[in-house]
Each structure stands twice: as C-alpha cells, then as structure tokens.
Amino acid sequence: MNLTRFNLAAAASIAGFVGVLSLSFVSSEARAHGDVTPQAVDVSKLPPLKESTNKNPYVGNADAIKIGASAYGQNCARCHGLGAVSGGIAPDLRLLPTDAATDEYFKGKVQSGAIRNGVTYMPSFKDVFKEEAIWAIRSFIVSVHTED
Ligand code: HEC
C-alpha cells in the first residue's frame with residue numbers, strides 16, 4: 001500500500017469525523033436553545049401539597065431548590081438566562097421580590113404565561129407543571145435573589 005495515500009485517507013477521515021462531531025455539537029446546542037417543548041418536572045421527592053396555595057411552601061427547602069434549579073434550566077433558562085441571569089430578552093428573575101405577594105404573582109405568571117395580541121412572549125405552563133413544580137422553581141429563584 002502506498003503510505004502517503006493511506007495517510008491522506010486517514011487524515012481525511014479523521015477530519016471528517018471531527019467535522020461530524022462539531023456539527024452534532026452545534027446542532028444539539030441549537031436544540032438546547034430552540035426547544036419549545038416544556039419539560040415535566042419530577043416532584044416526587046417533595047412533600048406533596050394538601051391543597052393549592054399562593055404562598056411558597058418550600059422556602060429554603062434544599063430539595064426544592066435543587067429540583068427547581070433543574071426545572072428552571074430545562075424550561076426557563078432559554079429566555080430568562082442560565083442561573084436566572086438574564087441576557088436581556090426576558091426579565092431578570094433574580095430581581096423579583098421574595099415576599100408572599102410576589103409568590104402569588106409568580107405562580108399566576110408561570111401558569112398563564114405572557115400572551116398578548118396572539119403573540120406568545122412566554123408560554124403558559126399551566127398544563128405541564130404540578131403546583132409543586134412551580135414552587136420548586138420559585139424556591140430556586142428566591143435562592144439566587146439579588147437587589148441589583
Ligand atoms: C419563550 C421565552 C420564555 C420562557 C420559556 C419563559 N419566559 Fe418568563 N417571561 C418571558 C418574557 C418575554 C417575559 C416578559 C413578559 C411580558 O412582556 O409581559 C416573562 C415574564 C416572566 C415573569 C414576570 C417577571 C416580572 O418581572 O414581572 C415571570 C415570573 C416569569 N416570566 C417566569 C418564568 C418561569 C419560571 C419560566 C419557566 C418555567 C419562564 N418564565 C419561561 C419569556 C419567557
């Protein structure tokens with residue numbers, strides 16, 4: 001076998017392989033940002049709510065913060081930013097007040113989304129999240145609260 005030819009062929013196939021790798025990397029990145037399918041959240045580790053409430057029942061609960069962080073990453077980060085640090089297309093949720101009135105506002109907003117004149121600025125999560133999931137995300141956001 002002609003060694004030079006072999007090396008060229010090997011180099012070409014390695015280059016091709018690397019090309020495929022970087023292509024698939026790019027497309028999975030694109031999907032991570034463009035995925036509009038809301039992801040259900042497993043809340044089986046959290047104390048179940050006996051009834052619906054407008055006040056976060058999980059404030060400071062470490063499990064809730066962890067589950068909420070993951071649920072936030074899958075459902076909210078693409079608009080509100082990784083770690084709730086907004087890149088500008090949606091409000092920075094770290095700035096939301098941490099009081100009970102804002103608990104109620106938060107729950108309402110996540111359930112109804114922001115849809116005006118037929119344009120969806122934020123989807124409704126009413127049919128995707130159990131209320132426990134909303135409070136887990138609220139707990140995560142309160143845990144990263146900042147005043148400025
Ligand atoms: C498709 C982008 C998008 C996604 C996904 C999204 N949001 Fe939003 N969200 C927005 C926009 C845009 C606004 C501003 C709404 C408006 O213009 O009325 C907003 C507003 C809010 C507000 C009100 C903020 C304020 O300062 O009054 C809350 C709370 C909120 N979102 C929470 C969430 C949570 C929690 C999730 C994930 C479960 C989420 N959003 C997913 C785009 C998004």
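**Entry 1: the β1–β2 loop**

I started at Asn 117, which sits in the loop between β1 (114–116) and β2. I was working in a predicted model, and I kept that in mind throughout. Asn 117 has a positive phi of about 50° although it is not a glycine. I noted the usual background here: most residues other than glycine have a negative phi. Is Asn 117 buried or exposed? I found 4 C-beta neighbours inside 10 Å, so Asn 117 counts as exposed.

**Entry 2: another positive phi**

Next I looked up Ala 84, in the loop between α3 and α4. Ala 84 is not a glycine, yet I read a positive phi of about 70° for it. Its surroundings were my next check: Ala 84 has 24 other C-beta atoms within 10 Å, so it is buried. I also wrote down Gly 113, which comes just after α4 and takes a positive phi of about 70°.

**Entry 3: the whole chain**

I stepped back to take stock of the fold. I have 5 helices and 2 strands in the protein chain. Reading from the N terminus, I wrote the order as α-α-α-α-β-β-α. The chain has 148 residues, and buried residues make up 23% of them. I then looked at contacts between residues at least 6 apart in sequence, and 68% of these join residues at least 24 apart.

**Entry 4: around the ligand**

Which residues come nearest to the ligand? I listed Cys 76, Cys 79, Ala 90, Ala 114 and Met 122, out of 18 residues around it. The elements giving two or more residues to this shell are α3 (77–80), α4 (100–112) and β2 (119–122). I sorted the shell by residue type as well, and it divides into 14 nonpolar, 2 polar and 2 charged.

**Entry 5: helix α4**

I went along α4 next. This helix has 13 residues and reaches 19 Å from its first C-alpha to its last, close to the 18 Å expected at 1.5 Å a residue. Its buried residues are Asp 103, Phe 106, Lys 107 and Val 110. Why do they lie on the same side of α4? They cover an arc of only 95° around the axis, which puts them on the same side of the helix. On the other side of α4 I found Ala 101 and Gly 108 exposed. I then asked what the buried residues of α4 pack against. The partner is α5 (131–143).

**Entry 6: helix α2**

Helix α2 covers residues 62–75, which is 14 residues. I have it reaching 20 Å from its first C-alpha to its last, close to the 20 Å expected at 1.5 Å a residue. I went through its buried residues and noted several, among them Ile 65, Ile 67, Gly 68, Tyr 72 and Asn 75. What covers the buried residues of α2 includes α3 and α5.

**Entry 7: the largest nonpolar core**

I moved on to the largest nonpolar core, which has 25 residues. Within it, Ala 133, Ala 136 and Ile 137 touch the most other members. I checked the contributing elements: α2, α4 and α5 each supply at least two residues of this core. Which element gives the most? That is α5, with 8 residues. I followed Ala 133 a little further, leaving aside its neighbours within four places in sequence, and found it in contact with Val 41, Val 43 and Ala 71.

**Entry 8: Trp 135**

Still in helix α5, I turned to Trp 135. Trp 135 has 28 other C-beta atoms within 10 Å, so I marked it buried. I left aside its neighbours within four places in sequence and wrote down its contacts: Asn 56, Pro 57, Tyr 58 and Ala 64. I also checked Gly 68, 67 residues from Trp 135 along the chain, and their C-alpha atoms are separated by 7.7 Å.

**Entry 9: after α5**

My last stop was Asp 148, in the segment after α5. I counted 4 C-beta neighbours inside 10 Å, and therefore Asp 148 is exposed. I looked for a partner far along the chain and noted Leu 95, 53 residues apart from Asp 148, with 6.8 Å between the two C-alpha atoms.

Terms used
Residues are numbered from 1 along each chain as its sequence is written. This is a predicted model: local features need pLDDT of at least 70, side-chain atom pairs count only at pLDDT 80 or more; totals for chains, interfaces and linings use all residues. A residue is near a molecule or strand if its C-beta atom, placed from the backbone, lies within 6 Å of it. Helices (H or I, at least four residues) and strands (E, at least two) are DSSP runs, numbered from the N terminus. Ala, Val, Leu, Ile, Met, Phe, Trp, Tyr, Cys and Pro count as nonpolar, Asp, Glu, Lys and Arg as charged, and the others, Gly among them, as polar. A residue is buried if 20 or more other C-beta atoms lie within 10 Å of its own, exposed if 12 or fewer, and partly exposed in between; C-beta atoms are placed from the backbone. Two residues are in contact if their C-beta atoms, placed from the backbone, lie within 7 Å. The expected span of a helix is 1.5 Å times one less than its number of residues. The arc is that of the directions from the helix axis to the C-beta atoms. A nonpolar core is a set of buried Ala, Val, Leu, Ile, Met, Phe, Trp, Tyr and Cys residues joined through C-beta atoms within 7 Å.
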